[in-house]
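Reader: I have the sequence and the coordinates open. Let us go through them quickly, one point at a time.

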Amino acid sequence: MVETKKKKKAKRERKERRFSPEQTYASGAVVGVGMLGALAAGAGVWGQWISEVPHSYAPFLFGGGAIALGASLWFGDAGAVPVRVGDAGIALERGTELTRLAWCDLERVEVSGKQLLAKGKGATFSIPIAAHPKAVAWILAEGTRRVPDVMNVKRTELAALPEPKDLDGELVPLEGVQVAGKHCAATNKPIAFERDARICPNCAQVYLKDAVPKKCVTCEKDLGSSAIEL
Ligand SMILES: [Zn+2]
């Protein structure tokens, strides 16, 4: 029996981990306030418009309840969106929209208060550590491996973080990565079509297929034939 080797060049499938925000004490409290607010708003409506004798405090109760409800919706949403970490870099998921920061575009990653800040060309991501301990642990682990120069986080600053584990998050294929319109990092020529692009598997830097250098200009890892097609 002859073993046939697959001729087709295997595309390395690019993946990332998707992390949903974890329920934190703060967000629990916010939801609690929101529910009380909704109850107070309901009581206010009842007192004002339904019961026969209007209570003098009903308008105040209604106003306070509505404000508390609004505040809880606002703060409950802000900053607690799903985070993705993987081959392309870091992504924030806002509804159906993915905002990405590639590893090669990161300029600085640091801790500021209770947030992990990922500053890059054109965008800064602020990720609440309490809601995203696993995502932050993965950003630090992958960032240290891929682009150590931009990592400005001391392990002691995040002593409470879990160790990144293989089962963390949900492994999903990369989607919504745009390369058309970017410029080749070696020649600075624009990349018109996805098929012309080659990607550094380490830092996601983009090159024209005929201009892939031996070493990536951004992360300095060996590149050449290990550059990947999309
Ligand atoms: Zn690279």
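Reader: Which protein donors hold the zinc ion?
Author: This is a predicted model. The donors lie 2.3 Å from the zinc ion, and each one is an SG atom. They are C200, C203, C216 and C219.

Reader: What arrangement do the 4 donor atoms make around the zinc ion?
Author: Look at the angles that they subtend at the zinc ion, which run from 104 to 114°. Four donors count as tetrahedral if all angles lie between 85 and 135 degrees. The 4 donor atoms fit that range, so the arrangement is tetrahedral.

Reader: What spacing do the donors of the zinc ion follow along the chain, and how many residues apart are the parts that C200 and C219 tie together?
Author: The spacing of the donors is C-x2-C-x12-C-x2-C. C200 sits in the loop between β9 (197-199) and β10 (206-208), while C219 belongs to the segment after β10. The pair therefore ties together parts whose separation in sequence is 19 residues.

Reader: Are C200 and C219 buried or exposed?
Author: Buried means under 20% relative accessible area. C200 falls in that class, and so does C219. For C200 and C219 the word is buried.

Reader: Where does Q205 lie, and which residues does it touch?
Author: Q205 is placed in the loop between β9 and β10. Its relative accessibility is 11%, so Q205 counts as buried. Leaving out residues up to four places away in sequence, Q205 touches two of the zinc donors, C200 and C216. The full set is C104, A185, R198, I199, C200, C216 and T218.

Reader: What is the relative accessible area of E220?
Author: E220 is placed in the segment after β10. It is not a glycine, yet its phi is positive, about 65°. E220 is exposed, with a relative accessible area of 59%.

Reader: Which loop holds N188, and what is its relative accessible area?
Author: The loop runs between β8 (170-173) and β9. N188 has a positive phi of about 65°, although it is not a glycine. N188 is exposed, and its relative accessible area is 56%.

Reader: How much space lies in the second largest pocket, and which residues are closest to its centre?
Author: The space in this pocket is about 270 Å³. It is lined by 17 residues. Closest to the centre are R100, A102, D105, Q178 and K182.

Reader: How do the lining residues of the second largest pocket divide, and which strand gives the most?
Author: The lining has 9 nonpolar, 3 polar and 5 charged residues. The strand that gives the most spans residues 97-102 and adds 3 residues. That strand is β4.

Reader: How many helices and strands are in the chain, and what pattern does it follow?
Author: The chain has 3 helices and 10 strands. Of its 230 residues, 38% count as buried. Among contacts between residues at least 6 apart in sequence, 52% join residues at least 24 apart. Read along the sequence, the pattern is β-α-α-β-β-β-β-β-β-α-β-β-β.

Reader: Is R17 buried or exposed, and how far from G86 does it lie in space?
Author: R17 lies in strand β1. At 8% relative accessibility, R17 counts as buried. Beyond its neighbours within four places in sequence, R17 has contacts including V83, W138, D166 and E170. R17 and G86 are 69 residues apart in sequence, and C-alpha to C-alpha the distance is 5.9 Å.

Reader: Which residues is T24 in contact with, leaving aside its neighbours within four places in sequence?
Author: T24 sits in the loop between β1 (15-19) and α1 (25-50). T24 is buried, with a relative accessible area of 16%. C-alpha to C-alpha, T24 and A130 are 6.5 Å apart in space, and in sequence they are 106 residues apart. The contacts of T24 are A130 and A131.

Reader: Where is E93, and which residues does it touch?
Author: E93 belongs to strand β3 (residues 89-94). Its relative accessibility is 10%, so E93 counts as buried. E93 and A80 are 13 residues apart in sequence and 9.7 Å apart in space, C-alpha to C-alpha. Not counting residues up to four places away in sequence, E93 touches R18, V81, P82, R84 and L98.

How values were computed. Residues are numbered from 1 along each chain as its sequence is written. This is a predicted model: local features need pLDDT of at least 70, side-chain atom pairs count only at pLDDT 80 or more; totals for chains, interfaces and linings use all residues. Side-chain values use heavy atoms; hydrogens and water are left out. On a 1 Å grid over the protein atoms alone, a cavity is a set of points where a 1.4 Å probe fits but cannot get out, and a pocket is an open set with protein on both sides within 12 Å along at least five of seven lines; lining residues have an atom within 4 Å of a point. Grid points are joined across faces, edges and corners, and a volume is the space filled by probe spheres set on the points. Helices (H or I, at least four residues) and strands (E, at least two) are DSSP runs, numbered from the N terminus. Ala, Val, Leu, Ile, Met, Phe, Trp, Tyr, Cys and Pro count as nonpolar, Asp, Glu, Lys and Arg as charged, and the others, Gly among them, as polar. Donors are N, O and S atoms within 2.8 Å of the metal (3.2 Å for Na, K and Ca); water is not among the atoms, so sites may look incomplete. Four donors count as tetrahedral if all angles lie between 85 and 135 degrees; four count as square planar and six as octahedral if opposite donors are over 155 degrees apart and all others between 65 and 115; anything else is irregular. Buried means under 20% relative accessible area, exposed over 50%, partly exposed in between (1.4 Å probe, protein chains only). Contact means heavy atoms within 4.5 Å.
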